[in-house]
Amino acid sequence: MSSTAGQVIRCRAAVAWEAGKALVIEEVDVAPPQAMEVRLKILYTSVCRSDIYFWEAKGQIPLFPRIFGHEAAGIVESVGDGVTDLKPGDHVIPVPSGECKECIHCKSKESNICDLLRVNLGRGVMISDGQSRFSINGKPIYHFVGTSTYSEYTVVHVGCVAKINPLAPLDKVCILGCGISSGLGAVFECSKNHQRDHQLLFFGLGAVGLAAAEGARISGASRIIGVDVNPKKFDHAKNFGVSEFVNPKDHDKPVQEVIAEMTGGGVDRSIECTGDVDAMISAFECVHDGWGVAVLVGVPHKDAVFKTHPMNLLHQRTLKGTLFGNYKPRTDLPAIVEKYMNKELVLEKFITHEVPFAEINKAYEFMLNGDSLRCIIRMDG
């Protein structure tokens, strides 16, 4: 065990004190892990759109002060009682969507929605005792989706930690903890049983959509089409195999009609990666009748309502949803890391910026301005 095991660790963390206000680097106390928990030393983290969305508190009940962050990689510092498959020094990726390995979902080959550790966006405490492991001068600081990686040390339930190859570069594989894996899995896991020569289309050309496009390229799609309202994204998307682009603003009719015309009745598979409910409807209605499958990846506003005519379903279109690409994090994430190590998957092209931890607000600015896919934050800076 490490020399700090069982002790409170004081370290730096980026604390969000109010919605939409700049993060503040503070000295926080991080309590030791309790039963079935691990304390991690975070070495690299990144900014995902979900961090921005909940920091802005648009459509959710505000929960502050809070430590955000959920895409990261680091090393196990110490473990709590009952933890047997992780030890200090292990290289790991924390994941918001957990895997207890014991519930009906974890034992099913059809689901990755763990009964115990499914993503809970509103909970700011640990599930074991309803308490936070973070504090400043004795005042609790809330967690975010069970990870809170904008801290040099964090405490995570063991079921939300994937042990990975210690040779994998943590400054690259850290981005696999959420968005990139979600996009890849939407193709690999949720679009199974497709023919190799098929048409795929993606709504949203951010990191998640481009990860889905990368999955389509790897899987051998014959036609990869990107849809986005920002034409600046089109040139960069070519690096991910996207060869055709549609901007809904360029047309005076629903984009699903435009897509149906250009593809001979609709695409074989569509992946929606924006969280916009209108884009979700378009993604479903643009797939071909008889065999088309639409997969929803983006997280919508809590009050959003999906509306389409039932005949779209009766005509044998399929609508599916996914969280974390249907991957079971502890079981499947190590294999995704190996795809990178074997050069089957290129992660470097998703990384557009890098900043030291002291400049984390710059990473937020990059994301807010649409300038970055993923900005790596070095925790030692």
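User: Hi! Before we start, what counts as buried?
Analyst: Buried means under 20% relative accessible area, with over 50% being exposed and partly exposed in between (1.4 Å probe, protein chains only). This is a predicted model, where local features need pLDDT of at least 70, side-chain atom pairs count only at pLDDT 80 or more, and totals for chains, interfaces and linings use all residues. Residues are numbered from 1 along each chain as its sequence is written, and side-chain values use heavy atoms, leaving out hydrogens and water.

User: Great, so what share of the protein chain is buried?
Analyst: Buried residues account for 54% of the 381 residues.

User: And how many helices and strands are there?
Analyst: The protein chain has 11 helices and 17 strands, taken as DSSP runs (helices H or I, at least four residues; strands E, at least two) numbered from the N terminus.

User: What box do the C-alpha atoms fill?
Analyst: Roughly 65 × 40 × 40 Å, along the principal axes.

User: Switching to helix pairs, how do α4 and α5 cross?
Analyst: The axes of α4 (residues 179-188) and α5 (residues 207-219) come within 7 Å and cross at roughly 40°. Axes here are lines fitted to C-alpha atoms, for helices over the stretch in contact, with angles from 0 to 180 degrees between N-to-C directions.

User: Which residues make that contact?
Analyst: Contact means heavy atoms within 4.5 Å. On α4, they include Gly179, Ile180 and Gly183, and on α5, Ala207, Val208 and Ala211 are among them.

User: How do the contact residues divide?
Analyst: Into 10 nonpolar, 4 polar and 1 charged. Nonpolar covers Ala, Val, Leu, Ile, Met, Phe, Trp, Tyr, Cys and Pro; charged covers Asp, Glu, Lys and Arg; the others, Gly among them, are polar.

User: Last one: how much of the contact network spans residues at least 24 apart?
Analyst: Among contacts between residues at least 6 apart in sequence, 69% join residues at least 24 apart.
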